[in-house]
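Reader: Hello! I set up charge models for a living, and I would love a close look at one part of this structure: its salt bridges. Could you walk me through them in one go?

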Amino acid sequence: MPANLRYLAASLLLVATLPTALAADVEHLNGSGALPPNLPFSEAVRVGNLYFLSGQLGIKPGTMALVEGGIEAEARQTMENIATVLKANGLSMNDVVKCTVMLADMSEWGTFNAIYRSFFTPPYPARSAFGANGLGLGARAEVECIAADSGAAAP
């Protein structure tokens, strides 16, 4: 299926399943080890076959300490943290359908994009990106994602 049709199909799937997903059980997911315990939010929330991942920073797993090395190291750790949360819930980067990227400095877009690209294979998920002033912990990047479990039984 051509990439543009795959994105259209994914978008239609999201819209078509939303009413059913809203009626489905909501499950708050934690415990991947990517984030420290006792934060005031869930790592992810599952609604039907959709997984809404909280934004991830380039922190060392289980801590609130950013990795050293600037945007390249933070971007890589951010994406690894996303992969960890997905894996803990039986998913992979191939299940990601949408990402939102926030960068502290848009001039670092090229460096971030090279790291981001290495975590996916075409066709890539849909994505939005914007510059943000004041990311948590003074981070250079934050990424949140939506994933769809294509193996989940249809409602």
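Author: Happy to help; what follows is a tour of the salt bridges, with a short stop at two cysteines at the end. Please keep in mind that this is a predicted model.

The structure holds three salt bridges. Let us begin with the pair made by E27 and R46, whose side chains meet with N and O 2.9 Å apart. E27 sits in strand β1, which covers residues 26-29, while R46 belongs to strand β2, residues 44-47, so this contact ties together parts that are 19 residues apart in sequence. How do the two partners fare in terms of exposure, buried or partly exposed? E27 has 35% relative accessibility and therefore counts as partly exposed. R46, at 19%, counts as buried, because the cut-off for that class is under 20% relative accessible area.

Now to the part that may interest you for charge assignment, centred on R140. The side chains of E108 and R140 meet in a salt bridge, with 3.1 Å from N to O. This pair links distant parts of the chain: E108 is in the loop between β4 and α3, R140 is in the loop between β5 and β6, and 32 residues separate them. R140 also forms a salt bridge with D105, where the closest N and O atoms are 3.9 Å apart. D105 lies in the loop between β4 (96-103) and α3 (109-117), and R140 in the loop between β5 (126-131) and β6 (141-148), so the D105 pair ties together parts that are 35 residues apart in sequence. The 3.9 Å contact counts because a salt bridge is defined as a side-chain nitrogen of Lys or Arg within 4 Å of a carboxyl oxygen of Asp or Glu.

What do these contacts make when taken together? Salt bridges that share partners join D105, E108 and R140 into one network. As for exposure in this network, R140 counts as partly exposed because its relative accessibility is 23%. D105, at 29%, is likewise classed as partly exposed. E108 has 18% relative accessibility, so E108 counts as buried.

Finally, a word on the cysteines, since protonation states may be on your list. A search of the whole structure finds zero disulfides. C99 has 0% relative accessibility and therefore counts as buried. C145 counts as buried too, with a value of 3%.

Methods. Residues numbered from 1 in each chain as written. Predicted model: local features only at pLDDT ≥ 70, side-chain atom pairs only at ≥ 80, totals over all residues. Heavy atoms only, no water. Disulfide = S-S within 2.5 Å. Buried < 20%, exposed > 50% of the residue type's maximum accessible area, 1.4 Å probe, protein only. Helix = DSSP H or I, 4+ residues; strand = E, 2+ residues; numbered from the N terminus.
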